[in-house]
Structure formats: structure tokens, C-alpha cells
Amino acid sequence: MSNVVAHAGQHADSPSRAHHRALQHHFDTMPQQKEAAVIGMWVFLLTEILFFGGLFVAYMIYRIWYFDAFAEASRSLSLFWGGLNTAVLIGSSLTMAMAVRGAQTNKRKATVNWLILTMILGCVFLGVKVIEYSDKFEHHHVPGPNFVWASEHAAPVAEGGAEHTPAPEAAAGHRKLSLTPSQLQRTTQIYFSLYFTMTGLHALHMIIGIGLMSVITWMAWKGRFDEEYYTPVELSGLYWHFVDIVWIFLFPLLYLVERHT
Amino acid sequence: MTIFGIPIFPDQASTFAKDVDTLYFFILTVCSFFALTVAILVVYFGLRYRRKREGQTGARIEGSLPLELMWSVIPTVIAMVMFGWGASVFYHLRRPPDDAMHIYAVGKQWMWKFQHLEGQREINELHIPAGRPIKVTVSSEDVLHSLYFPSFRTKIDAIPGRYTELWFEASKPGTYHIFCAEYCGTNHAGMIGSVTVLEPQAYQAWLQGGGEGGTMAERGARLFEQHACNSCHLDSGQGRGPSLKNIVGTTVELTDGNTAVVDDAYLRESILTSQAKIVKGFQPLMPTFQGLISEENLLALIEHVKSMSPQASTASGQPAGATPSPNAPKPPARPGEKKQ
Amino acid sequence: MLDKLRIPERHYLHEGHSLRSWLLTKDHKRIAIMYLMSISVMFFIGGLFAVGIRFELATPQGDFVTADTYNKFFTMHGIIMVFFFLIPSIPAVLGNFLIPPMIGARDLAFPRINLLSLYIYWIGGIFTIYAMITGGVDTGWTFYTPYSAAGSNSHVIPVALGIFIAGFSSILTGLNFIVTIHRMRAPGMTWFRLPLFVWAHYATSLVQVLGTPVIAITIVMLFVERAFGFGIFDPARGGDPVLFQHLFWFYSHPAVYIMILPALGVTSELVSTFSKKTIFGYSFVAFSSLAIAIFGFIVWAHHMFVAGISTYSAMVFSFLSFSVAIPSAVKVFNWTATLYKGAVSFETPMLYAYGFIGLFAIGGLTGLFLATLGLDIHVHDTYFVVAHFHYIMVGGAIMGYLGGLHFWWPKITGRMYNNFFSKVSAIMVFVGFNITFFPQFVVGYLGMPRRYHSYPDEMQVLNVMSSAGATVLGLGYVLPVIYFLLSLRRGRVAGPNPWGASGLEWQTQSPPLTENFVEIPIVTGEPYEYDHVPAKESHLV
Amino acid sequence: MSDHVSPVSLYITIFASLMVLTAVTVGAAFVNLGQFNFLVAMLVAGFKASLVVWYFMHMKYQSHLTKLALAVGLFFLVILLGETMIDYASKDFTPMPPKIDAESEIVKP
């Protein structure tokens, strides 16, 4: 490459005014640094999309194979807590967006307040999850050796053990299932394995998000951000909205498999 | 084929082994042609245009579109030929003929269990007649295995929880290897065996000597009484269960309106999970036999029910119940195979 | 006249000698050096297992080690070589060091994330080495369930965790490269003036970023199944082991392109530099890297033709698998055309490039055998497959890596290594490699399955040939360590551009400054122009 | 550049529409649309997700490269889902849960 290496002094486009204290040495301008950070974050969110994508593939296949088990198990989840959680998370998305807007307009106190509100809503979400999980543990719905699926729709288990009970007949308006109780006992475990893996992973991302945001809140409190440098707030905002989007998909997939019978 | 006593090419012991090998030699010649041209050109250009004086630079050649198109389009065409030929051989390999003789193979951690319809059960050994298409239905009991016959050029994975199948028609009598090709734990390397291809008469003789407890269908009949199936399934059809005479291959009306074809899977499901499909006009009284019947007994029962509809079963597999021809000479002691 | 060349006073190695200055560095060049040291250690650990395997297979009965130990040998050989050497080797060492100077930047976009990637690599390595020392894992590097979930009682979870962590190091490196190449090129450095090395790394980073998360989630699912007794892949509860294979191979096939693409980039540089000629068909070679990266994602189930996938999907994946062969063929033909009417010199890096073209051609073409459905039924999971992917990985990725190391060593250290011994080692590696792996094609078609510690007697001669070749190959790899280390002290001073190459990185001093350039250059010329590059030929062979 | 500051009213409207759409999702689940239940649920969820991405995550004001990055990610997710479905849709069987019983010596858990 015959790059006639022309040293035209400082190359043209970098503004000559004093560098912003947060501008790193290998970037020319603040906008370039900011955009690089945002693209980097979006590429990271790409990996998260494919990370959860793997779980969705497993969910799709088993849902097609064992639709009845998924429908039965999904009915055992409480729609109230699921709906409430969705509302809480969408609310936390709003407060997060307000926090980023506060950082953009250099309002330090507003940013800190909105961030704290987001974290509170995040904790509410996790609290509801704890309630749901404890409910599962009570009903022995955690896959593994002591998993019991005596769904209230099935006929009372005859004394001959689960093997001999006739298939659950149409109890209270439910259509007849194509899987026998013993098959249900096995395949609902797949639903609950996926349920715990997906919601557990999502909750883990929430905890990381809340941890991340507490650091950002402390930095905002220290006044590290202004309208030119608020990238950390923007990035944690992107991460939080992504976690909300994952829940937006998880809610219908896990809670609303077949509610209309 | 051996060179200095070292075998460098497996023997072709099945009918489609030749097709696979011709495909192999086709691709081998095409690829060696390309590899050699590249190698020769690279070495020749390297020597012909080596740098003679310091600071000498190469000619200014940017590239040429026609050349690029040529060596993109031609390899694509060749690749499509390879794909087409390969796909046709694969389709032939994966579609067993209907009149194939049926053998069940169950992979279990570090052994192969083969089950003939005539009742013989072998472990790591398999005796088959030459000249007859044989369909092997494979399953596994614990982890993944893969039933591999190198001399027949075919293999299929044994997956727990479902059946997969492969077929071949042995053409050359002799003893060949059986390997497990899917890693399955400590003794994966020990999970090998030998398949002995016998002339048809020798196979019948072997059957004579080897089968214990009569054919599978006869064993199935005994189980039919033992489990009191005949108390409901009367031939007259008046019993609490539908008559099983001549039902194989027919389509039956079910209570929930749709229909089902009576085949192995349907019979199997009706025995194991009888509530799933109830024939119209009958009550769901039949208990499920899940956990009460072992695999072998289940296969025997299915064969028995198939034997109750003779005209259907001749179309699918060896005519059940046909006793081996009585005048087969007394077989010599079972041919001692090389113990693995 | 060329005055006596001296190592410049100020350069990135003199910025501080304390351990702290190395462990907390933000300089992409120092991070590359630390990666170089770490993956060399991992390479020799993996190599030890390879030696163990070849000793075991020298005898049909397999009486060097027990079956369990052999299973752990080939599993650890696979895991360490794939995840801890081949995937990071060229991107993390040569890519980290060279991409900023090549595109005219002072450093990568996120230096701290680059250092984090190194630490994550170390933590992942420590997990795996811990598991290896305390008992190792015997599931094969593919971790197929149900054996890895229920059957095996070895350290599956620590090793899976180690790979999960090391995967993030690969994601972060890829992320760093993508943002750097997009946003930090010097003024005038358009996409079609980028060196092909940078194109190849851009494609590799795409694959790293898009593929690695899927194996991360597969390992999470395996972890929950094995640790908590969940039933995602458990056939007893209706789970499907073939689903694990789908998810595993969705990453692991593109992963083989993570390993080979950087080596393709290195070879394009070497062929163009040592024939003193513009690369033939620059844009075709550049876009073929992208094509390989993208097509790599749609073909994965050719690893599963016999795993019980449906006939229809086997045909679909076989058809798509041939699409990947075309870009690789385009590259090989373009290198051949580059040599035409060039001024070819046979220095060590060029010997490695020659070796690479030969072995990569054979490796790529044998891939066609495996993509052909009719043949794959017979040769799947046999030594034919083992030979194929070793031709691509050892013949391709490692030859490319060694070629790149020999080419840029003067730029990294400022000194030249011994010329004669480096040529000897190149030839030894080439010869030893062929003796080791060519017989495996033959024994593979004979039907010898993979991962067998004992095999039928008639296959012994071919296996003994392979084991003999392995010792020659092993020696061939030890030689470079010796003369590279010696060159640090007694190597001749190389000067800024010993090969007369045309890259931007050769315009700076060697070893380069911490900030790479005194002034960010403005690029005006085409990428590979040798007409007026000050060709300082210190020596000609 | 993403220094664009969106008005608070925009955020409120987006929040409200997300809440309404959640109610729609739940409502639609109670209506028996047979096969289309899943499709409707995914369409609504996808629309909600695009609202969050477009406005809350400021994708509207980002450079084309960021938009391309998201598109590439979704494309490869579709490849992962699509090609796996090719296999599972063309498999000529649904797996029968194997016979799991203690005493049968053929199949054990």
C-alpha cells in the first residue's frame, strides 16, 4: 500500500477545543467514542438475542411435540402474578427511559431518582418471582425425582397406581387430553425444566442489571455524567430494555399456552 | 484389496456397497484432479517467477472477472453433480424395500442385542442370509450408540426413546465387522461384534439349531392367553374388545371421530397406552400394559396379532408361522466365529 | 547506504517492566503477547494428550493406558485444542497485535474489554486445567447427551463451565474487532483498501459474536440437566438427544470457520507479500471471507446425517453444505493466480504459506466427501472425518498461525529469527503432518471408528505409520519455540520492513510505539502496491 | 447521533400502548383461535418489542450500522429456528415416550 503518508498536521476533522475529560486517547472525538460504545452494546445484545434464542428453539419443538403437557402445565401457572410482573417490568422500562433522558439533559437528581425507582421495580419483579417459585416448590412442580403431576383436572388416582387410571375425562369443560397421566407426569417435567431455565436465566439477568444500575446510580450521584458524556447510563438502559423485551416474549410463551378451554 | 498384505480398501459385501464405492472414486478423481492442478501450478509459478534481483516486483495484474466467474461457476456445477449423485445413493440407502426381512437391534452400554423374528436372540453376533434385503430396526436402552457395518457401507444411530432403521442386502457370504460408531462411554471400543453372512440353506440350518422356544409368533400366542387378551378380543368380535382377525393394514374408526391405520406403531400404542385410541363402539376398558410387558414379549405379541391376518402379513415380512422346510439337513455345530 | 540498524529506544516493550504494567495494561500489543504465551502453554498441554493418543493407537489391543484414561485423553485433547488454542490463536494473538496498526488506529475500540477478555480466557483455562488435573472428563469434546448428562461420572460440569467462560473471551474479542474495524479506520482507509487480514478477522468476529452464545446456552441446558435433574434432553422424559446435537453444531460448525478464516487472511498476506504482487481478485477474496462466515451458519446438520434427522432435512443440509466449498475454492485459485508473473521468494513465511495452500486444498476437498450424503453414511464418525478436520485445523489453522508468527515476528520483537532452522522446522512440520494424517484417510474408509482405543489387527500398520508421523510433527513444533526464544536475545535487528511488505503496520518502527503511530497516517494508495515501497532486502535466499 | 432527547409525552404514550398491548395479549389468549393463538401472541409480543427497541432504546435515532446489527442478529435467530424446524417438521414420527418401568429389563431410566 503505497500510502503516501501525508502528515497534514492534526488531521482535519478533530475539533481543536480542549478534550472532554472522559475522551479516551485512542478516540478522536466524543461522538465517535459514544457511537462506538453504543454499537458495541448492540453487538453484545445480539449475543444475548441468540443466547435466549437457543432456549426458544427447545421450547418451540417440545411445545409442538407435547402440546397437551404444555397446555396443562401452563394452566397451573397463576396468570395474576405473570400479568403483574409484565406490568412491573414495562413500568421499569419507562422509568429507565426517563433516567436516560435525565442524564441526557444533565439533571443529576432526576437521573438518580429515576434509577432508584427502576431498581425498586426490578426488585418487585424478583419478589414476585420468588413467590411463584415457592408456589412451585410447594406443589412439587420442580422437575427431578420428586416431581409429582397430580393435576386437579385429572380424575382422582385409582388405587391401582397412576398406571391404570383411565385418561382424565373432560372435567369441567376441558377437552380430553391425548396424553395419559403417566405420560403427562413425564412430559410436564420438560415444560417445567424449560420454565425454570428460562425464567431463572431471565431473573439472573435482572439481578446483574440491578447490580449494574446501582454502580451507575452511584456514579450519577457523584456527578460523573453530563449531556456530553452519559454513555454508561445509556448502555445500562439498553441492557435493561433488552431484559424487558425478553420477558415480553417469555410471558405469552410460558403463561398463555392455552387459556381458552 | 491389499498392498503388501495391508488391507487398504474394505470388501464390498452388500449390494449398494458398489454404488457407494463408485461415488467415492468419482469424487476422489475429481478432487485429486483439482488438488494436483493447484499443486503443480503453485510450484511451477513459484519456480518460474522466482525473484531474480532485489527490489523486483511482480506484474501489475489486478484480477480478471471471467477467470473468477469460471472458477466459481464450474466448482458449483461439479458440487451439484456430487450432491445429486450422493443424494440418490442416500435415498436408496434410507428406503428399505417392503419385503425386507425384519431384525430388531437394541444397543445397550457396550453390547449389541439382536433379535430375529424367528425367536433367536444374539449378543454381538448376527447371522443373516445372503441375497435377501434385511431391515434392522435399531433402538438404544441408555445412551447414544450407532450400529455400523463397514463392509455393507451403512450405519444408523441408536437413540434411546425411538426407533431408527437401516437396511442392506448382504451379497457375499463371510464374516464382517460390526462397530459402535457413536461414542458411548468407557467400553465404546469394546462394543463390537461380527456379522456372519450365510448361504440361505446354511441360514435355515442355523435357524433350526439356534431358535429356542419356537417362532416369535408362537411365543406371542402363548402371551396372548397369558395376559388374558383373548378374554376380550374374541375372533367373533362380540367380546368387549374389537376382533383382531385380519385387522392389520385396515383403517379403523375411532371414538373421537378420526381414523387410524392398524400398523406396528398402532398395535404397540394400543397395548402400551390403550386409552390413546379407542375403536368406535367400544368402551375404554382395556388396562394399559405399560411396565407389565418387556420389549421382547411386546414384539412377540405384535407378531402374533399380525399372524392373525395372514394376507396382510405376507406383504410385510416373512410369512409368519411358516415352519422352516423340514428336510433341511441336520446343521453342523454352529460355525465357530472368531470370538471378539 | 543502510546504516547499522538499531532497536529504537522508545517502544511498547519499554513502557514498563513491572508485572503490574503488564497485568493491568491497556495496550493491545501487550495483551497479544500475553495471549501468545497462554495459548502456547495450552498448545503443548493439548499436544501431550495427542502424543498419548498416538502411543495408545500404536498397538491394536490398546495396552498403553486403560480405556477410561484414553477416553479422557482424546476428550481433553479435543477441548484444549479447540476451545483454548485454535479459536483464540490467530485472532487473539496476531489479530490483537496487528489490526490497529493495519487500519491506522492507536488501539482497539475497547481496550479495557480487551484486557477483560484475556482475564476471562485465563479463568476459563484455570477451570478446565483444574478439572483435567482432578480427573478429567470423558464425554468427547462434543458432550453428547444422554451420556454427558447421565452416563458419565467425570468432571463434566467444571469443564463445561470452563468452556462457557472461555466463550465470553471469544465474544468480547469479536465484539472489539467489529467496532474497531467499523469506526476506527484511519482517514482514507476505505473498506477496499483494508488488508485481507483485516477482512478475514471481520468475518471471524461476525462468527464469534453470532455463534458462541448458542453453545453458551447449550452448556447452560446441559448444566441444569446434569446438576438439577431437569429433563430437557432426557429421553426417559420425552426429551430429544438430537436437539442437543442441533444446538451444539449450530455453534460448532461456524466455530471451525473461526479457526480457519484468520489463517486464510494470513495466507493472503503472505502470498501477496512474497510474490511482490497485488493479490489477484482482491474483492473476490475479501467477499469470499464474508461468504464463508455467513454460509457457515446454515449447514450445521451435515454432522448429523446418521443421527436420525429426517431424510428430507439431510438432503437440504447436504445441498447447503456444498455452498461453503465454493468460497474456499475461490480463495485457493486466487492465491495460485497471484503467484503468476510475480517475484516469488521462498522465505520461511512463504514456505508455511505453500504448506498451507497444499494442505488446506486437501482438507477442503475431503470436506466434499463428507458433505456427499451417500458417502457420509459410510465414513461418518470414522478416521476419515478425523483426518479431514485435522487437515483443515493442523494443516490449515496451525500452518497459517506459524506462517503469520514467522512473518510478523520481526515487527513484534524487532529481531529476526534463525533462517536455516526455521526452514527446517517448516519442512518437518509439512512432512510429519502428511505422514501422520494421510494414512488416517485410508484407515477411515476401511471403517475404523473414531474414539476407539483398540481396533482390529489388520488396521495396525496404518496406525503405526500415523503414530510415527506424529513424532516427526511433534519435533517440528518444538523447534520454533527454541529459535524464537533465542532470537529475543541473539536475533539480528530486523528494522521496520525486513520483508518489503506493503501493510500500514510495516510503515512504523519495529517494535512499534505504544500508540502505534506518531501521526495517524492518511491512506491514499491501493492495499497491495509494491512499486515504490522502499524494498529493503536485507537478505535474499 | 443519539444525543436526540425524546419528549416525556412520547415515553408516556409508548408506556400506555405497551400496557394496552399486554392486556390485548392476555385477552386474546382467552379466545379460542385454534392454531392462530400462538401466531397472534407472537405478533403482539413482536410489536411490543419493536416499540421498546424503536423508542425506548432510541434505535430510531441510531446510525444505520446499529440497525443493521440488530437485523443481522434477528436473521441468524430465524436461521437457527427455521432450519431446526425443517428437520423436526419432516420427521415422520412423534416420539413415543419410551416404556419406563422398573422390572422391564429392556428399558431402564
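## A tour that starts inside chain C

Start by selecting helix 8 of chain C: 28 of its 33 residues are buried, so this helix is largely enclosed by the rest of the structure. Keep in mind as you look around that the model is a predicted one.

**Stop 1: along helix 8 of chain C**

Helix 8 covers residues 196-228 of chain C. Put a distance label between its first and last C-alpha and you should read 47 Å, close to the 48 Å expected at 1.5 Å a residue. Now colour Gly211(C) and Pro213(C). Where does the helix kink? The kink, of about 30°, lies at Gly211(C), shortly before the proline Pro213(C). Then step off the end of the helix, where Gly229(C) follows with a positive phi, near 75°.

**Stop 2: helix 11 of chain C**

Next, select residues 311-339 of chain C, which form helix 11. The 29 residues of helix 11 reach 44 Å from first C-alpha to last, close to the 42 Å expected at 1.5 Å a residue. Is this helix mostly covered or mostly exposed? It is mostly covered, with 21 of the 29 residues of helix 11 buried. Beyond helix 11, look for Lys341(C), which has a positive phi near 60°.

**Stop 3: where chain C meets chain B**

Stay with chain C and bring chain B into view. The contact takes 79 residues from chain C and 72 residues from chain B. Which element of chain C gives the most to this side? Helix 11, the one you have just selected, does so with 15 residues. Colour the chain C side by residue class and you will find 48 nonpolar, 22 polar and 9 charged residues.

**Stop 4: the five-stranded sheet of chain B**

Now hide chain C and show chain B as a cartoon. Look for an open sheet of 5 strands in the order 6-12-11-8-9, with mixed pairing. Strand 6 (125-129) and strand 9 (154-158) stand at the edges with a single partner strand each, so one side of each is left without a neighbour in the sheet. Looking across this sheet, neighbouring strands are turned by 20° against each other on average, direction ignored.

Zoom in on the strand 6 edge. Strand 12 (residues 193-198) runs parallel to strand 6 in chain B, and 5 bridges join the two. To see one of these pairings, pick His127(B): its bridge partner in strand 12 is Thr196(B).

**Stop 5: strands 7 and 10 of chain B**

For another pair in chain B, select strand 7 (residues 133-140) together with strand 10; they run antiparallel and are joined by 6 bridges. Strand 10 spans residues 164-169 and is mostly covered, 5 of its 6 residues being buried. Which residue of strand 10 is the bridge partner of Lys135(B)? Show the side chain of Trp167(B) to find out, as that is the partner.

**Stop 6: chain D against chain C**

Bring chain C back and add chain D. Here 16 residues of chain D are in contact with 17 residues of chain C. The side of chain D that touches chain C divides into 10 nonpolar, 2 polar and 4 charged residues.

**Last stop: chain A**

Finish by isolating chain A. How many helices and strands does chain A have? It has 6 helices and 0 strands, and the pattern along the sequence is α-α-α-α-α-α. Colour chain A by burial: buried residues make up 49% of its 261 residues. Turn on its contacts between residues at least 6 apart in sequence, and 72% of them join residues at least 24 apart.

Conventions
Residues are numbered from 1 along each chain as its sequence is written. Chains are lettered from A and ligands numbered from 1 in the order in which they are written. This is a predicted model: local features need pLDDT of at least 70, side-chain atom pairs count only at pLDDT 80 or more; totals for chains, interfaces and linings use all residues. Two residues are in contact if their C-beta atoms, placed from the backbone, lie within 7 Å. Ala, Val, Leu, Ile, Met, Phe, Trp, Tyr, Cys and Pro count as nonpolar, Asp, Glu, Lys and Arg as charged, and the others, Gly among them, as polar. Helices (H or I, at least four residues) and strands (E, at least two) are DSSP runs, numbered from the N terminus. A residue is buried if 20 or more other C-beta atoms lie within 10 Å of its own, exposed if 12 or fewer, and partly exposed in between; C-beta atoms are placed from the backbone. Two strands pair if DSSP finds at least two bridges between them. Axes are lines fitted to C-alpha atoms, for helices over the stretch in contact, and angles run from 0 to 180 degrees between N-to-C directions. The expected span of a helix is 1.5 Å times one less than its number of residues. The bend at a residue is the angle between axes fitted to the seven residues ending there and the seven starting there.
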